[in-house]
Amino acid sequence: MLKDSKAFSSFSVNDIPEAIEFYGKTLGLEVEKDPEMDGILNLKIAGGNSILIYPKPNHEPATFTIINFPVQDVEKTVDELTARGVKFIVYNEESFKTDEKGISRGNGGPTIAWFKDPAGNILSILEPTS
């Protein structure tokens with residue numbers, strides 16, 4: 001029944017102009033205003049997919065990763081995004097640690113680094129394992 005549906009994901013932010021600036025200019029992604037829904041953004045992702053970003057006045061940031069961006073080289077991408085003003089999350093918990101750049105390597109998963117958008121939602125860049 002749903003296997004042929006063109007499903008999409010969505011998340012909220014508290015400031016649409018700030019989201020346009022961050023996703024469009026800082027991350028360099030294609031962002032367009034939805035022509036049918038006022039105040040809604042479409043974040044265009046490789047492969048023709050799109051993610052809906054909508055304003056929510058009482059927005060609460062997601063406490064989990066909302067978007068994972070596979071990249072060829074996490075360290076290089078961290079350096080490039082840091083130069084654009086992105087701040088990566090450094091975890092220093094007993095059970096889970098990242099390095100000083102915020103990169104997790106060899107913790108039973110892919111090389112990965114997390115950061116937040118201006119609304120506090122968590123995103124990541126990671127190196128595919130295969």
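In this predicted model, strands E8 and E9 pair in the antiparallel sense over 2 bridges. Within this pairing, Ile 103 stands opposite Ala 113 in E9. The two strands belong to an open sheet of 4 strands, ordered E5-E10-E9-E8 and mixed in its pairing. Strand E5 (65–70) and E8 take the edge positions; each has a single partner strand, so one side of each is left without a neighbour in the sheet.

On its other flank, E9 meets strand E10 (residues 122–126), again in the antiparallel sense, this time over 5 bridges. Two of the residue pairs help to trace the register by eye: Ile 112 has Leu 126 in E10 as its bridge partner, and Lys 116 is matched with Ile 122, also in E10. Helix H2 packs on this sheet, where it touches E8, E9 and E10, and its direction makes about 135° with that of E10. The connection between E9 and E10 is a hairpin with 5 residues between the strands, and Gly 120 in the turn has a positive phi of about 90°. E9 itself is mostly covered, with 4 of its 5 residues buried.

It is worth turning next to the charged side chains of H2 and the loops around E8. Salt bridges in the model number 6. Glu 75, Asp 79, Asp 99, Lys 101 and Arg 105 are linked in a network of such contacts. One member of the network is the pair formed by Lys 101 and Glu 75, whose side chains meet at 2.9 Å, N to O. This pair links distant parts of the chain, since Lys 101 sits in the loop between strand E7 (96–97) and strand E8 (103–104) while Glu 75 belongs to helix H2 (residues 74–83), 26 residues apart. Lys 101 counts as partly exposed because its relative accessibility is 27%, between the 20% limit for buried and the 50% limit for exposed residues. Glu 75, at 30%, is likewise partly exposed.

Glu 75 also forms a salt bridge with Arg 105, the closest N and O atoms being 3.2 Å apart. Arg 105 lies in the loop between E8 and strand E9 (112–116), and Glu 75 in helix H2, so this contact ties together parts that are 30 residues apart in sequence. With a relative accessibility of 40%, Arg 105 is partly exposed.

Lys 101, for its part, has a salt bridge to Asp 79 as well, at 2.8 Å from N to O. Here too distant parts of the chain are linked: Lys 101 in the loop between E7 and E8, and Asp 79 in helix H2, are 22 residues apart. Asp 79 has a relative accessibility of 38% and therefore counts as partly exposed.

A further sheet is found among the strands that come earlier in the chain. It is open, with 4 strands in the order E1-E4-E3-E2, and its pairing is mixed. Strand E1 (9–13) and strand E2 (30–33) are the edge strands, each pairing on one side only. On average, neighbouring strands of this sheet are turned by 30° against each other, direction ignored. In its interior, strand E3 (residues 41–45) and strand E4 (residues 49–55) pair in the antiparallel sense over 5 bridges, and Asn 42 stands opposite Leu 52 in E4.

Stepping back to the whole chain, the model holds 2 helices and 10 strands. Read from the N terminus, these elements follow the order β-α-β-β-β-β-α-β-β-β-β-β. The radius of gyration is 16 Å, close to the 14 Å that the globule rule gives for 130 residues, so the protein chain is as compact as a globular protein of that length. Along its principal axes, the C-alpha trace spans about 45 × 35 × 25 Å.

Buried residues account for 38% of the 130 residues in the chain. The exposed area of the protein chain comes to about 8,400 Å², of which carbon and sulfur atoms supply 50%. Finally, among contacts between residues at least 6 apart in sequence, 53% join residues at least 24 apart.

Methods
Residues numbered from 1 in each chain as written. Predicted model: local features only at pLDDT ≥ 70, side-chain atom pairs only at ≥ 80, totals over all residues. Heavy atoms only, no water. Salt bridge = Lys/Arg side-chain N within 4 Å of Asp/Glu carboxyl O. Buried < 20%, exposed > 50% of the residue type's maximum accessible area, 1.4 Å probe, protein only. Pairing = 2+ DSSP bridges. Axes fitted to C-alpha atoms, helices over the stretch in contact; angles between N-to-C directions. Rg over C-alpha atoms; globule rule 2.2 N^0.38 Å. Contact = heavy atoms within 4.5 Å. Areas by Shrake-Rupley, 256 points an atom, 1.4 Å probe, with all protein chains shown as cover.
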